[in-house]
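These notebook entries record what I looked up in one structure. I took the aromatic rings first, then the cysteines, one helix and one strand residue.

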Amino acid sequence: MGQSEHEPDATIIEFPTGGAAGRLTRGSDGVLRYGDLNPALTELLDLRVHAFTGREAVVEVGGPRLTYRELWHSASRIAGGLQDHGIGYGDRVAVHMPTSARWVQAFLGALLSGAVPVLVPDSLPAAVAERVIADSSADFVLGPDGPLPDSAAYIDDGAALGDPALLCYTGTAARRPVPTGVELTNENLLSAVSSVVGALDLPAYGLRNLVLLPLAHASGCVDQLLPTFAVGGTVVLAPRPHRLADVLAAERIDTVSATPRIFAGMLPELTARGAGAGVRRISKACHRSERAAAAAPASLTAALRGLFPAARQWSVWGATETSGIGLMVDDTDRDEPGTTLGFAFGGTELALSGPQAGAGRGELLCRGPNVSRRYWNNPDASAARFSGSWFHTGNLVRIDADGLVNAVLPVRQRQVSGF
């Protein structure tokens with residue numbers, strides 16, 4: 001432990017960075033960074049399209065099945081259509097539709113046009129969604145109805161690592177009239193992708209990931225969709241999550257990604273059907289939007305172990321401001337109390353703030369290449385939650401000598417918090 005120069009009452013908690021350590025170097029601002037990132041997310045994806053052109057990229061159960069070539073072609077035509085509507089570099093395009101293959105096409109189309117996609121969760125009440133779209137200053141809205149823009153294929157390749165690449169909104173109408181927009185750069189997204197691929201040891205031989213997380217959230221888009229594409233895998237979407245036992249078998253699923261709540265809802269059907277023998281990875285997104293401070297309960301971990309006996313299980317904890325990642329724990333063989341949040345991974349570093357920080361207890365702070373630097377159009381919120389390179393999570397935790405983070409109490413949110 002060492003005293004932070006940025007936070008006079010914070011204690012820096014040192015931690016191992018795992019397999020990514022050799023790829024990380026510390027910048028002049030003290031933040032660890034990957035040294036081998038592509039200049040922009042679109043370039044990484046373009047390379048993967050050419051490497052895996054004939055593989056299935058997206059499968060919507062009961063809907064379209066698109067190879068990498070087909071997905072990229074349709075997205076580039078959407079980008080061309082957006083260009084015809086005057087959309088270009090730095091403009092904002094809202095993606096407001098249910099999780100589907102169409103959502104993926106629209107999201108990639110917005111990226112390829114040079115615009116910044118604005119993720120608007122389909123679950124938001126209509127009035128709140130309208131306020132989010134207005135707050136984002138969106139220049140165009142890609143919605144669920146009618147044809148998507150279509151014209152000659154176009155790809156904008158002028159972005160750089162520090163440029164905004166995604167605007168995610170976090171929060172609920174119950175907490176604030178308008179959720180808070182989080183700006184994520186190409187570096188944030190590419191760093192999160194590298195961290196997830198490395199931490200989960202994702203293979204490049206045909207990963208088939210059943211993603212049950214909402215794609216309009218960082219946990220679904222940044223932490224599952226993009227890493228799966230980064231290794232040439234197939235994202236399988238089940239917009240109507242029933243008969244999942246049949247989906248696991250028919251789609252040869254080897255990875256399942258969901259929240260603890262979604263997994264708990266799956267248990268009765270999967271237990272009755274005895275499905276899951278082919279699954280090799282379970283990724284539980286344990287984000288604050290679902291639970292204030294407790295990790296996935298040990299009972300759920302044990303139940304999933306029984307259903308998926310050949311699978312490794314990970315719990316991933318993070319916030320939208322950290323690109324949805326930050327802490328991870330391999331709980332394949334763990335039967336720990338439900339307060340375990342995990343170890344820092346990738347380039348994420350931790351600090352504690354508060355009078356008991358020196359004793360390993362306080363508010364959790366995060367910094368890293370995946371961590372946003374500010375909120376969109378909200379300088380007061382940015383000043384309250386971002387200090388130097390550190391993001392104040394608002395979570396009271398304790399960190400043991402090995403770097404394991406455990407929640408202490410339910411999150412006491414600051415007024416600007418959107419969780």
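**Entry 1. Aromatic rings.** I noted that F52, Y68 and F229 form one aromatic cluster. The model is a predicted one, in which local features need pLDDT of at least 70 and side-chain atom pairs count only at pLDDT 80 or more, while totals for chains, interfaces and linings use all residues. Residues are numbered from 1 along each chain as its sequence is written, and side-chain values use heavy atoms, with hydrogens and water left out.

I searched the whole structure and found five aromatic pairs. For a pair, the ring centres of Phe, Tyr or Trp (its six-membered ring) must lie within 6.5 Å; planes under 30 degrees apart are stacked, over 60 edge-to-face, and the rest tilted. The ring centres of F52 and Y68 are 6.3 Å apart and the planes stand at 45 degrees, so I entered this pair as tilted. The pair links distant parts of the chain, 16 residues apart: F52 is in the loop between helix 1 (41–51) and strand 5 (56–60), and Y68 is in helix 2 (residues 68–84). I took helices (H or I, at least four residues) and strands (E, at least two) as DSSP runs numbered from the N terminus.

I then checked accessibility, where buried means under 20% relative accessible area, exposed over 50%, and partly exposed in between (1.4 Å probe, protein chains only). F52 is buried at 16%, and Y68 is buried at 3%.

The rings of Y375 and F386 have centres 5.2 Å apart and planes at 70 degrees, so that pair is edge-to-face. Y375 lies in the loop between strand 20 (361–367) and helix 10 (379–385), and F386, 11 residues away, lies in strand 21 (residues 386–387). Y375 is buried at 3% relative accessibility, as is F386 at 11%.

I also looked for charges over rings (NZ of Lys or CZ of Arg within 6 Å of the ring centre and within 35 degrees of the ring normal). R92 lies over the face of W376, 3.9 Å from the ring centre.

**Entry 2. Cysteines.** How many disulfides does the structure hold? I found zero, taking a disulfide as two cysteine sulfur atoms within 2.5 Å. For C168, the nearest cysteine sulfur is that of C221, 6.4 Å away. C168 is buried, with a relative accessible area of 1%, and C366 is buried at 2%.

**Entry 3. Helix 8.** The expected span of a helix is 1.5 Å times one less than its number of residues. For the 14 residues of helix 8 (residues 260–273) this gives 20 Å, and the end C-alpha atoms are 20 Å apart, which agrees. Helix 8 nevertheless bends by about 40 degrees at L267, with a proline, P268, following within four residues; the bend is the angle between axes fitted to the seven residues ending there and the seven starting there. I listed P260, F263, M266, L267 and L270 as buried in helix 8. An α-helix has 3.6 residues a turn, so residues three or four places apart point the same way. Just after helix 8, G274 takes a positive phi of about 65 degrees.

**Entry 4. V405.** I located V405 in strand 23 (residues 405–407), buried at 0% relative accessibility. Contact here means heavy atoms within 4.5 Å. Beyond its neighbours within four places in sequence, V405 touches residues including L327, T339, L350 and I399. The C-alpha atoms of V405 and L350 are separated by 9.5 Å, with their positions 55 residues apart along the chain.
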